[in-house]
Amino acid sequence: MIEVRGVRCVRCILSAAFPGLTFDADGVCSVCRDTTVETRLDEAITRASKQVHELFAKRHQPYDAIVCNSGGKDSSYTLALAVQKYGLRVLSFTLDNGFLAPVAAENIRRVTDVLGVEQLTYRPSMSFFRKVIRATATLPIYREQTLTRISAGCNACISLVNTMALRIAIEKNIPCILAGFTLGQIPANAIVFRNHFRFLADSRKESLARLTEAVGEEVDAYYNLPDALLDRVESYPHNVNLLCLEELSEDAIIERVSRLGWRKPEGVDGCSSNCELNTFNNYVHERRFGFSPYELELSILIRKGLMSRTEGLAKIGDNPVERLTEFAAGLGFSPDEHRELGLTPR
Amino acid sequence: MNLEETVRVSLLGFVTQSFNVAAAKIDMNKSLIDQGIIDSFGLVEIATFIEQEFRIVVKESDMTREAFGSMNKMAHFISGRMEKSA
């Protein structure tokens, strides 16, 4: 288990190291004490639900939506919701980052086959991707404030997924981009939002400049979209996170995707059901900040009664740390860099 | 307090509460992104808050640095739009 520093809330699992938290004399954190948070969540979900029904009321050709499908349980279930609950014609899109668990790759094939969905897989240059992850593990690419819900490595990977999905959506005139994020992984007001690439460009500029400095000019080709493409956009696609509208426990999601042939992969940590790199990214995050990047997400599930505190603790404690050196070697870290990361090189 | 000032106070309350930052630490004339207070999701959150709280529609053409480039710019944009629709 990766040891997280300091105390945790006695009701949820948020650590004292989590930014902006205070604790009362009984050890209850300020998020658990603030009852208005839940009210705002409910309002946001109601609003997003209305938006979703409006967005899906009209059908489009060739696709109603592109679904970012990692092969994990959440995106597999999002794909099922899109097809079976909302009746959408979808294109499933996977970014193969080279660290997909073998069973996750099989899950993508099985679930898309059962649902009768077309699948598009994109694999970036592995030498580029490894450089990106090495940079996020060793340099302050992103500001601390933006890393409360996600590790830097996952942020870099998901930004790549989002950019590629938006490129495909614009090229194919697809109006919606669906992803399997849950509340806590994203803010409540971002369940549905218009992906205005140029408007949001300011928020990426600083981190992309740092990434370019560390990795090289090829960052631009992967993380930006050409002006010629953006100039032809009349209306940007909406990003929609359908899972945020479902009140389901993790076990219930697994039970439902299992009916589609989905199987739980081995060798991944308790917070991932598809990516082996997650363990490494979590390790780097916890070492740097003193809390797990999954604490906020799990604390919301605990407050909503969809997970027990014991289960939440077990999930963030379930890390195949014995594989960290293997992952670091696979990413191309030198022996000195292993030691800087607190790992012993082979 | 005029409308723009009222809007500014409400917006400041949302930003301080949502992004765990003290009001005194916010430069009202600088971009919240440049100050490291928000990321892209933060921009999305603020745009949604503006639509809900002030009952105005934020169009794609409104999504510019001119309208969202600082707390003061946002307050000016919102109050201007509210006065137009009044």
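In this predicted model, the contact between the two chains draws 19 residues from chain A and 16 residues from chain B. On the chain B side, helix α2 (residues 40-54) gives the most, with 7 residues. By class, the side of chain B that touches chain A has 7 nonpolar, 5 polar and 4 charged residues.

**The two chains**

Chain B is built from 4 helices and 0 strands. From the N terminus on, its elements run α-α-α-α. Its radius of gyration is 12 Å, close to the 12 Å that the globule rule gives for 86 residues, so chain B is as compact as a globular protein of that length.

Chain A has 15 helices and 6 strands. A compact globule of 346 residues would have a radius of gyration near 20 Å, and the 20 Å of chain A agrees.

The table sets out further values for each chain.

| Chain | Property | Value |
|---|---|---|
| Chain A | span of the C-alpha atoms along the principal axes | roughly 50 × 45 × 40 Å |
| Chain B | span of the C-alpha trace along the principal axes | about 35 × 30 × 20 Å |
| Chain A | residues that count as buried, of 346 residues | 45% |
| Chain B | residues that count as buried, of 86 residues | 33% |
| Chain A | contacts at a separation of 6 or more that join residues 24 or more positions apart | 74% |
| Chain B | contacts between residues at least 6 apart that join residues at least 24 apart | 57% |

**A helix pair in chain A**

Two packed helices are described by the angle between their axes and the distance between the axes. Which values apply to helices α12 and α13 of chain A? Helix α12 covers residues 295-303 and helix α13 covers residues 309-317. Their axes come within 9 Å and cross at roughly 160 degrees. That makes α12(A) roughly antiparallel to α13(A), because angles over 145 degrees count as such. The crossing of α12(A) past α13(A) is right-handed.

Which residues meet across this pair? From α12(A) come A:Glu295, A:Leu298 and A:Ile302. From α13(A) come A:Arg309, A:Gly312, A:Lys315 and A:Ile316. By class, this contact has 3 nonpolar, 1 polar and 3 charged residues. The nonpolar members are A:Leu298, A:Ile302 and A:Ile316. The charged members are A:Glu295, A:Arg309 and A:Lys315. A:Gly312 counts as polar.

Key
Residues numbered from 1 in each chain as written. Chains lettered and ligands numbered in written order. Predicted model: local features only at pLDDT ≥ 70, side-chain atom pairs only at ≥ 80, totals over all residues. Axes fitted to C-alpha atoms, helices over the stretch in contact; angles between N-to-C directions. Helix = DSSP H or I, 4+ residues; strand = E, 2+ residues; numbered from the N terminus. Parallel < 35°, antiparallel > 145°, perpendicular 65-115°, else oblique. Left-handed = near helix turned anticlockwise from the far one by under 90°. Contact = placed C-beta atoms within 7 Å. Rg over C-alpha atoms; globule rule 2.2 N^0.38 Å. Buried ≥ 20, exposed ≤ 12 C-beta atoms within 10 Å, placed from the backbone.
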